[in-house]
Amino acid sequence: MRGVKLGRSGGWLLGGTLATSLGGGMQTLAAGKLLYDETGSIAAFGIVLIVEQLLTFTVPLVAGPWVDRGDPRRICTAIELARGTALVAIGCVMLSGPSPLGWIMAMSLCIKAGQPFYRGAMFSMAPAAVPGAALGTFNAYSNIAQQGGALLGAAVAGVIIQGWGASACFLVTGAGFLLSGLAIAAARMPRPEAEPAAGKGASAGWGPVVALLRTERGFARHLLLGTADNIAVVLFNLLLFALVARHFGGSAYWLSAMDCAFAVGAICAAPALGPLETRLGPKGAVRAGLAGQALCFAALAAGPGGPVVTGLALVLGACNTVSWTTVTTALQLRAGKAVRGRIGTARNLVTAGVSAALVPLVSRLEQRSLASALLAGAVVVAAYVLLAGAVAGDREAPGEDGAARQDGTTRNETSGDEKEVTAT
C-alpha cells in the first residue's frame, strides 16, 4: 500500500470515519455496561440491538434513493451534525440521573435513524474521493480508522466509566459525531448529477437495484456475503459483556482491553492485506478471513484462560479486516456509480434482517450457556464461509475482471459523462 495517494478528500473522509468510530465505540460499550450492570444479563442489551436493527428495516428504503439523487457529502454532514447535537443533549440529561433504559433507547434511535444515510453516503463517496486504483487501499485505511477510533474510544470509555460513570461517555459520543460532520464538510468532491424521481412513496427508486439483483448472476449472493463481517461484529459485541464477566469479573478496564484487542488486530491486519491478497487471491483472502473468525468463536467457546481470550479477540479483529475490506471493495466496484448509495443501504438492510433473527437466539442461548452462544456464532460465520465458496464460483465473482472495472462501472455500464458520487 506504499506510494498510493488517497488525495485530500480521502484524508478528510478518513478523519471523519475516525471521529464517528470513536463516538460510536464509546456508546456501545457504555450502553452495554449500564444495562448489564442493572440486569446481570445480556438480554436487555439484546433488546436494544433488536430495536436498532428493526429501525433499519424502514429508513434505508428512503435513505438509498435519497443518497443517489442528492449530494452524499452534504447529506452525510447534516446527519453527523444532527446526531452529535442530539447525543450531547441526551448525555447532559442523563447526567442528572434518569432511568437509563429509556434514554439509551432514545440515543439508539437517534444513532440508527441516521446510520443508513451515513453508511449509504460513505459507501457511495469512496470511489469518488480516491482514484480507482487506490480504492482497496482506501478501504483498508478506512478500516484502520474505524478500528483506531474504536480502540481510542474503548480506552477512554474504560477510564470514564470507572471514574464518572457510563452516562458521561455519551457526551464524548456526541462530540465525536460533531467532529465527523466537520471533517466530511471539509472534503471537496464533484457534485453528482441528480437522478430524476421515479414514482412516489418510500420505496420509489429501487427499481434499478431490483433489476440488478435479478439480472446479474450471483449479485444477490455477493450482497449477502457483504454482511458477514458486520454480523460477526454484532455477535462479538453482544457476547463481550458476558465474556468479561466470566473471565475478568466484569471489570470496565478489561471490557476496554478486550475491545482494544479486537481493534489492534484489525489495525495490524490492514497493512498485510495487499501481500495476503497477492498470495491467496481476493477470493481466498475472503474465505481465510471468515474461516479465522469462525475458529476464534469456537475457541472462545472452549473456555480458555483470560490471556488467551484477549489473544483470540485480537485474531478475530485481524481476520475481520481481511474479509471485510476485500468484499467491500469488490462490491463497490461491482455496483457501479448510479446505484452505490442504494447498494450500500441494501447491504445494511440485509444485515439488519440477519441480526434481528440471530440476536434473540444467541441471547437465549447465552442465558443457558455462554459456550453454546459462542458455538452458535462459530456456526453462523462458518455458514458464510460456504457462501463465499458459492460466490467464488460465480463467473462475476469478486476479483474477476469482468465483474467490474477500476473506474467503478459494471460490464453493462459506461462512464460517459456521468459524474461520480461522493461518499465515505
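## Cysteines

A disulfide, for our purposes, is a pair of cysteine sulfur atoms within 2.5 Å. With that in hand, a search of this whole structure, which is a predicted model, turns up zero disulfides.

Take C319: the closest cysteine sulfur belongs to C296, and at 5.2 Å from the sulfur of C319 it's too far for a bond, because a disulfide needs the two sulfurs within 2.5 Å. C319 itself counts as buried, at 15% relative accessibility. C268 is another story: its relative accessibility is 54%, so it counts as exposed.

## Helix 10 against helix 12

Now for a bit of helix packing. Helix 10 covers residues 228-248 and helix 12 covers residues 273-301; the two pack at an angle of about 15°, and their axes are 12 Å apart. That angle makes helix 10 roughly parallel to helix 12. As for handedness, the crossing of this pair is left-handed.

Who's touching whom? Helix 10 brings A228, D229, A232, L235, F236 and L243 to the contact, and on the helix 12 side they meet L290, Q293, F297 and L300. Sort the residues of this contact by character and you get eight nonpolar, one polar and one charged.

## S142 in helix 6

Over in helix 6, which spans residues 135-164, there's a serine to look at, S142. Is S142 buried or exposed? The relative accessible area of S142 is just 6%, so this serine is buried, the cut-off being under 20%.

Leaving aside residues up to four places away in sequence, S142 touches L14 and T17.

Terms used:
Residues are numbered from 1 along each chain as its sequence is written. This is a predicted model: local features need pLDDT of at least 70, side-chain atom pairs count only at pLDDT 80 or more; totals for chains, interfaces and linings use all residues. Side-chain values use heavy atoms; hydrogens and water are left out. Axes are lines fitted to C-alpha atoms, for helices over the stretch in contact, and angles run from 0 to 180 degrees between N-to-C directions. Helices (H or I, at least four residues) and strands (E, at least two) are DSSP runs, numbered from the N terminus. Angles under 35 degrees count as roughly parallel, over 145 as roughly antiparallel, 65 to 115 as roughly perpendicular and the rest as oblique. A crossing is left-handed if the near helix is turned anticlockwise from the far one by less than a right angle, and right-handed if clockwise. Contact means heavy atoms within 4.5 Å. Ala, Val, Leu, Ile, Met, Phe, Trp, Tyr, Cys and Pro count as nonpolar, Asp, Glu, Lys and Arg as charged, and the others, Gly among them, as polar. Buried means under 20% relative accessible area, exposed over 50%, partly exposed in between (1.4 Å probe, protein chains only).
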